[in-house]
Amino acid sequence: MKLLILLNLLLFCNVASTVKHSLKFFLTATSGVPNFPEFVAAAMVDEVLMGYCDINNKTPEFKQDWMRKLVKDEPQHLQWYSHECYDSQQFFRASLDSLKQRLNQTGDAHIFQQMSGCEWDDETGEVLGFIQYGYDEEDFLVLDLQTVTWTAPKQQAFITKLRWDNEKASLEYYKNYFINTCPDWLRKYLHYGRSSLRRTERPLVSLLQKTPSSPVSCHATGFYPDRAMMYWRRDGEEIHEDVDLGEILPNHDGSFQMSVELNLSSVAPEDWRRYDCVFHLSGVVDDIVTRLDKAVIRTNWVPPAGFPAGPVIGVVVGLLLLLLAVCIAGLFIWRRNNNGEEQRCFYSSDEFK
(Lines give C-alpha, C1' and ligand atoms only; values in the text may rest on other atoms or scores of the structure.)
Protein backbone atom coordinates (compact mmCIF):
# COMPACT_ATOMS: atom_id res chain seq x y z
CA MET A 1 0.00 0.00 0.00
CA LYS A 2 1.38 3.33 -0.99
CA LEU A 3 1.75 6.06 1.57
CA LEU A 4 -0.09 8.64 -0.52
CA ILE A 5 0.36 12.07 0.98
CA LEU A 6 -2.02 14.84 0.08
CA LEU A 7 -0.76 17.94 1.78
CA ASN A 8 -4.12 19.61 2.20
CA LEU A 9 -6.02 16.52 3.28
CA LEU A 10 -5.72 12.86 4.15
CA LEU A 11 -9.02 11.09 3.82
CA PHE A 12 -9.37 7.76 5.55
CA CYS A 13 -12.19 5.64 4.24
CA ASN A 14 -12.93 2.12 5.39
CA VAL A 15 -15.42 0.11 3.39
CA ALA A 16 -14.99 -3.13 5.34
CA SER A 17 -17.99 -4.83 6.86
CA THR A 18 -16.08 -6.93 9.40
CA VAL A 19 -15.84 -5.87 13.04
CA LYS A 20 -12.25 -4.62 13.08
CA HIS A 21 -10.72 -1.88 15.19
CA SER A 22 -7.49 -0.05 14.50
CA LEU A 23 -4.84 2.02 16.23
CA LYS A 24 -2.72 3.95 13.73
CA PHE A 25 0.20 6.32 14.15
CA PHE A 26 1.33 8.70 11.42
CA LEU A 27 4.47 10.78 11.33
CA THR A 28 5.55 13.18 8.60
CA ALA A 29 8.52 15.44 7.99
CA THR A 30 8.42 17.86 5.07
CA SER A 31 10.89 20.09 3.26
CA GLY A 32 10.03 22.94 0.93
CA VAL A 33 6.28 22.61 1.41
CA PRO A 34 4.74 26.07 1.86
CA ASN A 35 2.09 26.66 4.54
CA PHE A 36 2.60 23.23 6.07
CA PRO A 37 4.52 22.25 9.25
CA GLU A 38 7.97 20.72 8.81
CA PHE A 39 6.87 18.04 11.24
CA VAL A 40 3.45 16.78 12.30
CA ALA A 41 2.34 13.69 14.22
CA ALA A 42 -1.10 12.15 14.69
CA ALA A 43 -2.69 9.13 16.35
CA MET A 44 -6.04 7.65 15.33
CA VAL A 45 -8.36 5.04 16.81
CA ASP A 46 -10.90 3.56 14.39
CA GLU A 47 -10.08 6.41 12.00
CA VAL A 48 -10.97 8.98 14.69
CA LEU A 49 -8.27 11.51 15.53
CA MET A 50 -7.11 10.86 19.08
CA GLY A 51 -4.34 13.44 19.37
CA TYR A 52 -1.55 15.19 17.52
CA CYS A 53 1.46 17.47 17.81
CA ASP A 54 3.60 19.41 15.36
CA ILE A 55 6.77 21.47 15.20
CA ASN A 56 4.96 24.46 16.68
CA ASN A 57 3.09 22.52 19.36
CA LYS A 58 5.46 20.04 21.00
CA THR A 59 3.00 19.14 23.78
CA PRO A 60 0.53 16.56 22.47
CA GLU A 61 -3.00 17.88 22.11
CA PHE A 62 -5.65 15.25 22.76
CA LYS A 63 -8.80 15.75 20.72
CA GLN A 64 -11.17 13.37 22.52
CA ASP A 65 -12.62 13.77 26.01
CA TRP A 66 -12.06 10.09 26.75
CA MET A 67 -8.35 10.42 25.91
CA ARG A 68 -8.04 13.42 28.21
CA LYS A 69 -9.59 11.30 30.95
CA LEU A 70 -7.16 8.46 30.24
CA VAL A 71 -4.07 10.68 30.60
CA LYS A 72 -5.57 12.09 33.78
CA ASP A 73 -6.04 8.59 35.18
CA GLU A 74 -2.62 7.48 33.93
CA PRO A 75 -0.33 10.57 33.84
CA GLN A 76 2.57 8.54 32.44
CA HIS A 77 0.75 8.51 29.12
CA LEU A 78 1.27 12.25 28.68
CA GLN A 79 4.98 11.86 29.48
CA TRP A 80 5.39 9.09 26.92
CA TYR A 81 3.63 10.98 24.15
CA SER A 82 5.49 14.20 24.98
CA HIS A 83 8.89 12.49 24.86
CA GLU A 84 8.15 10.79 21.57
CA CYS A 85 6.76 13.91 19.97
CA TYR A 86 10.09 15.62 20.59
CA ASP A 87 12.39 12.66 19.86
CA SER A 88 10.63 11.58 16.66
CA GLN A 89 10.72 15.15 15.41
CA GLN A 90 14.52 15.19 15.67
CA PHE A 91 14.86 11.79 14.00
CA PHE A 92 12.55 12.45 11.08
CA ARG A 93 13.89 15.87 10.21
CA ALA A 94 17.46 14.49 10.28
CA SER A 95 16.39 11.49 8.19
CA LEU A 96 14.77 13.71 5.59
CA ASP A 97 18.00 15.69 5.23
CA SER A 98 19.99 12.43 4.92
CA LEU A 99 17.67 11.08 2.23
CA LYS A 100 17.95 14.27 0.19
CA GLN A 101 21.74 13.97 0.32
CA ARG A 102 21.68 10.27 -0.57
CA LEU A 103 19.43 10.91 -3.56
CA ASN A 104 21.35 14.07 -4.52
CA GLN A 105 18.24 16.22 -4.21
CA THR A 106 18.15 19.94 -3.56
CA GLY A 107 15.23 22.31 -3.29
CA ASP A 108 11.70 21.38 -4.29
CA ALA A 109 9.20 19.73 -1.99
CA HIS A 110 10.01 16.43 -0.27
CA ILE A 111 8.04 14.33 2.21
CA PHE A 112 9.17 11.53 4.53
CA GLN A 113 6.47 9.58 6.37
CA GLN A 114 6.00 6.64 8.67
CA MET A 115 2.76 4.76 9.22
CA SER A 116 2.47 2.11 11.90
CA GLY A 117 -0.09 0.47 14.13
CA CYS A 118 -2.32 -2.55 14.44
CA GLU A 119 -5.78 -3.86 13.63
CA TRP A 120 -7.76 -6.11 15.96
CA ASP A 121 -10.87 -8.12 15.09
CA ASP A 122 -13.02 -8.23 18.22
CA GLU A 123 -14.93 -11.24 16.88
CA THR A 124 -12.07 -13.53 15.85
CA GLY A 125 -9.27 -12.02 17.95
CA GLU A 126 -7.07 -11.78 14.86
CA VAL A 127 -4.29 -9.15 15.07
CA LEU A 128 -2.48 -7.49 12.18
CA GLY A 129 0.51 -5.24 12.86
CA PHE A 130 2.33 -3.00 10.41
CA ILE A 131 5.08 -0.39 10.11
CA GLN A 132 6.31 1.20 6.91
CA TYR A 133 8.11 4.26 5.63
CA GLY A 134 7.33 6.32 2.56
CA TYR A 135 9.32 8.97 0.72
CA ASP A 136 7.80 11.38 -1.79
CA GLU A 137 4.56 9.38 -2.03
CA GLU A 138 6.25 6.02 -2.67
CA ASP A 139 6.90 3.05 -0.39
CA PHE A 140 10.47 3.14 0.91
CA LEU A 141 10.83 0.51 3.67
CA VAL A 142 8.31 -2.02 4.96
CA LEU A 143 8.72 -4.40 7.89
CA ASP A 144 7.56 -7.98 7.23
CA LEU A 145 6.44 -9.21 10.65
CA GLN A 146 6.28 -12.82 9.43
CA THR A 147 9.98 -12.98 8.61
CA VAL A 148 10.90 -10.06 10.90
CA THR A 149 12.96 -8.47 8.13
CA TRP A 150 12.74 -5.21 6.24
CA THR A 151 11.88 -5.07 2.55
CA ALA A 152 13.08 -2.26 0.31
CA PRO A 153 10.69 -1.45 -2.58
CA LYS A 154 13.12 1.30 -3.63
CA GLN A 155 16.74 0.51 -4.49
CA GLN A 156 17.86 3.62 -2.61
CA ALA A 157 16.54 2.06 0.63
CA PHE A 158 18.59 -1.14 0.34
CA ILE A 159 21.50 0.24 2.38
CA THR A 160 19.17 1.05 5.26
CA LYS A 161 17.46 -2.36 4.95
CA LEU A 162 20.77 -4.20 5.40
CA ARG A 163 21.72 -2.14 8.45
CA TRP A 164 18.30 -2.40 10.11
CA ASP A 165 18.11 -6.15 9.47
CA ASN A 166 21.14 -6.49 11.72
CA GLU A 167 19.49 -4.61 14.59
CA LYS A 168 18.02 -7.78 16.12
CA ALA A 169 16.92 -6.14 19.37
CA SER A 170 14.87 -3.57 17.48
CA LEU A 171 13.29 -6.24 15.29
CA GLU A 172 12.23 -8.29 18.30
CA TYR A 173 10.81 -5.18 19.94
CA TYR A 174 8.76 -4.37 16.83
CA LYS A 175 7.42 -7.92 16.65
CA ASN A 176 6.35 -7.90 20.30
CA TYR A 177 4.91 -4.40 20.11
CA PHE A 178 2.75 -4.86 17.05
CA ILE A 179 1.51 -8.34 18.00
CA ASN A 180 1.00 -7.82 21.74
CA THR A 181 1.42 -4.28 23.07
CA CYS A 182 -0.37 -2.36 20.33
CA PRO A 183 -3.59 -4.45 20.57
CA ASP A 184 -3.52 -4.01 24.37
CA TRP A 185 -3.37 -0.24 23.97
CA LEU A 186 -6.11 -0.38 21.35
CA ARG A 187 -8.41 -2.30 23.70
CA LYS A 188 -7.66 0.23 26.45
CA TYR A 189 -8.59 3.12 24.16
CA LEU A 190 -11.74 1.35 23.03
CA HIS A 191 -12.72 0.89 26.67
CA TYR A 192 -12.22 4.56 27.53
CA GLY A 193 -13.87 5.73 24.32
CA ARG A 194 -16.62 3.11 24.21
CA SER A 195 -19.46 5.65 24.46
CA SER A 196 -18.37 7.25 21.17
CA LEU A 197 -16.18 4.69 19.40
CA ARG A 198 -18.58 1.78 19.94
CA ARG A 199 -21.82 3.67 19.44
CA THR A 200 -24.22 2.88 16.64
CA GLU A 201 -26.24 5.51 14.79
CA ARG A 202 -28.76 4.66 12.10
CA PRO A 203 -28.84 6.89 9.00
CA LEU A 204 -31.39 8.92 7.14
CA VAL A 205 -31.99 7.13 3.82
CA SER A 206 -33.30 9.00 0.76
CA LEU A 207 -33.89 8.26 -2.91
CA LEU A 208 -32.31 10.90 -5.18
CA GLN A 209 -32.40 11.49 -8.95
CA LYS A 210 -30.85 14.30 -10.99
CA THR A 211 -33.19 14.00 -13.98
CA PRO A 212 -36.03 11.64 -14.90
CA SER A 213 -33.59 9.64 -17.08
CA SER A 214 -30.74 9.52 -14.53
CA PRO A 215 -29.99 6.53 -12.28
CA VAL A 216 -31.78 6.56 -8.92
CA SER A 217 -29.37 6.95 -6.02
CA CYS A 218 -30.15 5.41 -2.63
CA HIS A 219 -28.29 7.69 -0.23
CA ALA A 220 -27.67 7.03 3.47
CA THR A 221 -26.13 9.68 5.72
CA GLY A 222 -25.46 10.05 9.43
CA PHE A 223 -24.57 6.45 10.27
CA TYR A 224 -21.84 5.23 12.61
CA PRO A 225 -19.60 3.26 12.56
CA ASP A 226 -18.47 2.91 8.97
CA ARG A 227 -18.95 -0.86 8.92
CA ALA A 228 -21.98 -0.86 6.68
CA MET A 229 -23.37 -2.42 3.50
CA MET A 230 -25.85 -1.05 1.01
CA TYR A 231 -27.39 -2.74 -2.03
CA TRP A 232 -30.40 -2.92 -4.35
CA ARG A 233 -32.79 -5.89 -4.50
CA ARG A 234 -35.29 -7.08 -7.08
CA ASP A 235 -38.07 -9.33 -5.79
CA GLY A 236 -36.11 -9.70 -2.56
CA GLU A 237 -32.86 -10.85 -4.24
CA GLU A 238 -29.68 -8.76 -4.24
CA ILE A 239 -28.70 -7.57 -7.73
CA HIS A 240 -25.39 -6.34 -9.19
CA GLU A 241 -26.27 -5.59 -12.80
CA ASP A 242 -26.86 -1.88 -13.51
CA VAL A 243 -25.79 -1.09 -9.93
CA ASP A 244 -22.96 1.30 -8.96
CA LEU A 245 -21.84 1.17 -5.33
CA GLY A 246 -20.08 4.26 -3.99
CA GLU A 247 -17.47 4.57 -1.26
CA ILE A 248 -18.18 5.20 2.40
CA LEU A 249 -17.37 8.87 3.03
CA PRO A 250 -17.01 10.84 6.27
CA ASN A 251 -19.30 13.68 7.35
CA HIS A 252 -18.13 16.77 9.24
CA ASP A 253 -19.69 15.49 12.49
CA GLY A 254 -17.78 12.19 12.51
CA SER A 255 -20.62 10.13 11.03
CA PHE A 256 -20.55 8.60 7.54
CA GLN A 257 -22.47 8.55 4.28
CA MET A 258 -22.69 6.29 1.23
CA SER A 259 -24.76 5.81 -1.92
CA VAL A 260 -25.66 3.04 -4.33
CA GLU A 261 -27.09 3.87 -7.76
CA LEU A 262 -29.53 1.85 -9.86
CA ASN A 263 -29.83 2.37 -13.62
CA LEU A 264 -33.51 2.01 -14.55
CA SER A 265 -33.21 2.74 -18.28
CA SER A 266 -34.24 -0.83 -19.17
CA VAL A 267 -36.88 -1.21 -16.43
CA ALA A 268 -40.52 -0.63 -17.26
CA PRO A 269 -42.30 1.86 -14.94
CA GLU A 270 -44.76 -0.82 -13.79
CA ASP A 271 -41.80 -2.94 -12.59
CA TRP A 272 -40.34 -0.28 -10.28
CA ARG A 273 -42.32 -1.68 -7.34
CA ARG A 274 -40.22 -4.87 -7.57
CA TYR A 275 -37.10 -2.98 -6.42
CA ASP A 276 -35.96 -1.84 -2.98
CA CYS A 277 -32.77 -0.53 -1.39
CA VAL A 278 -31.29 -2.18 1.73
CA PHE A 279 -28.97 -0.54 4.25
CA HIS A 280 -27.26 -2.83 6.77
CA LEU A 281 -25.21 -1.53 9.73
CA SER A 282 -22.89 -3.97 11.47
CA GLY A 283 -24.15 -4.83 14.95
CA VAL A 284 -27.72 -3.69 14.21
CA VAL A 285 -30.32 -6.42 13.66
CA ASP A 286 -32.93 -4.51 11.66
CA ASP A 287 -32.00 -3.33 8.17
CA ILE A 288 -33.44 -0.15 6.65
CA VAL A 289 -35.43 -1.11 3.55
CA THR A 290 -36.56 1.65 1.15
CA ARG A 291 -38.96 0.66 -1.64
CA LEU A 292 -38.44 2.26 -5.04
CA ASP A 293 -41.33 4.70 -5.39
CA LYS A 294 -41.39 7.63 -7.83
CA ALA A 295 -43.47 9.64 -5.37
CA VAL A 296 -40.69 9.73 -2.74
CA ILE A 297 -37.73 10.41 -5.04
CA ARG A 298 -36.11 13.78 -4.34
CA THR A 299 -34.76 15.84 -7.24
CA ASN A 300 -33.79 19.38 -8.22
CA TRP A 301 -34.64 18.82 -11.88
CA VAL A 302 -36.63 21.64 -13.47
CA PRO A 303 -38.57 20.95 -16.70
CA PRO A 304 -37.12 22.85 -19.67
CA ALA A 305 -38.92 25.91 -21.07
CA GLY A 306 -42.04 25.02 -23.04
CA PHE A 307 -43.04 22.18 -20.75
CA PRO A 308 -45.67 22.51 -18.04
CA ALA A 309 -43.89 23.49 -14.88
CA GLY A 310 -44.95 20.84 -12.39
CA PRO A 311 -43.92 20.99 -8.77
CA VAL A 312 -40.30 20.18 -8.11
CA ILE A 313 -40.04 17.29 -5.70
CA GLY A 314 -37.59 18.15 -2.91
CA VAL A 315 -33.99 19.21 -3.14
CA VAL A 316 -31.07 16.93 -3.89
CA VAL A 317 -29.03 16.09 -0.81
CA GLY A 318 -25.47 17.34 -1.38
CA LEU A 319 -22.76 14.67 -1.22
CA LEU A 320 -19.97 16.73 0.35
CA LEU A 321 -16.55 15.13 0.83
CA LEU A 322 -14.98 16.02 4.18
CA LEU A 323 -11.49 17.49 3.90
CA LEU A 324 -9.58 16.12 6.89
CA ALA A 325 -6.86 18.73 7.19
CA VAL A 326 -5.34 17.49 10.39
CA CYS A 327 -4.89 13.76 9.78
CA ILE A 328 -1.81 14.04 7.59
CA ALA A 329 0.80 12.16 9.53
CA GLY A 330 2.77 11.50 12.64
CA LEU A 331 3.48 9.12 15.43
CA PHE A 332 3.02 9.20 19.17
CA ILE A 333 4.87 6.45 21.00
CA TRP A 334 5.01 5.49 24.63
CA ARG A 335 8.48 5.86 26.06
CA ARG A 336 8.13 3.47 28.94
CA ASN A 337 5.76 0.63 29.73
CA ASN A 338 3.62 0.30 32.85
CA ASN A 339 6.50 -1.32 34.72
CA GLY A 340 8.74 1.66 34.08
CA GLU A 341 11.00 -0.30 31.72
CA GLU A 342 12.65 1.51 28.84
CA GLN A 343 11.02 0.95 25.46
CA ARG A 344 12.58 1.55 22.07
CA CYS A 345 11.20 4.06 19.61
CA PHE A 346 9.54 3.10 16.32
CA TYR A 347 12.64 4.08 14.42
CA SER A 348 16.29 3.19 14.37
CA SER A 349 18.83 4.99 16.51
CA ASP A 350 20.39 6.10 13.22
CA GLU A 351 18.73 8.21 10.59
CA PHE A 352 18.72 7.23 6.90
CA LYS A 353 22.41 7.78 6.14
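Two strands are taken to pair if DSSP finds at least two bridges between them. In this predicted model, that rule picks out an open sheet of four strands, ordered β12-β11-β16-β17, with antiparallel pairing. Sitting at the edges are β12 (237-238) and β17 (288-291), each of which pairs on one side only. One of the contacts inside this sheet links β16, residues 275-281, to β17: the two strands pair in the antiparallel sense over four bridges. Looking across that pairing from Val 278, the bridge partner in β17 is Val 289.

Strand β1 gives another pairing story. The strand covers residues 20-31 and is mostly covered itself, with eleven of its twelve residues buried. It is joined to two strands discussed here. With β5 (residues 110-121), β1 runs antiparallel and shares twelve bridges; within that pairing, His 21 stands opposite Trp 120 of β5. With β2 (residues 39-45), there are seven bridges, and this pair is antiparallel too. Here Phe 25 finds its bridge partner in Ala 43 of β2. As a rule of thumb, side chains in a regular strand alternate between the two faces of the sheet.

On the helical side, α2 takes up residues 76-102, which makes 27 residues. From first C-alpha to last, helix α2 reaches 38 Å, close to the 39 Å expected at 1.5 Å a residue. Just past the end of α2, Asn 104 takes a positive phi of about 55°.

Terms used:
Residues numbered from 1 in each chain as written. Predicted model: local features only at pLDDT ≥ 70, side-chain atom pairs only at ≥ 80, totals over all residues. Heavy atoms only, no water. Expected span 1.5 Å × (residues − 1). Buried < 20%, exposed > 50% of the residue type's maximum accessible area, 1.4 Å probe, protein only.
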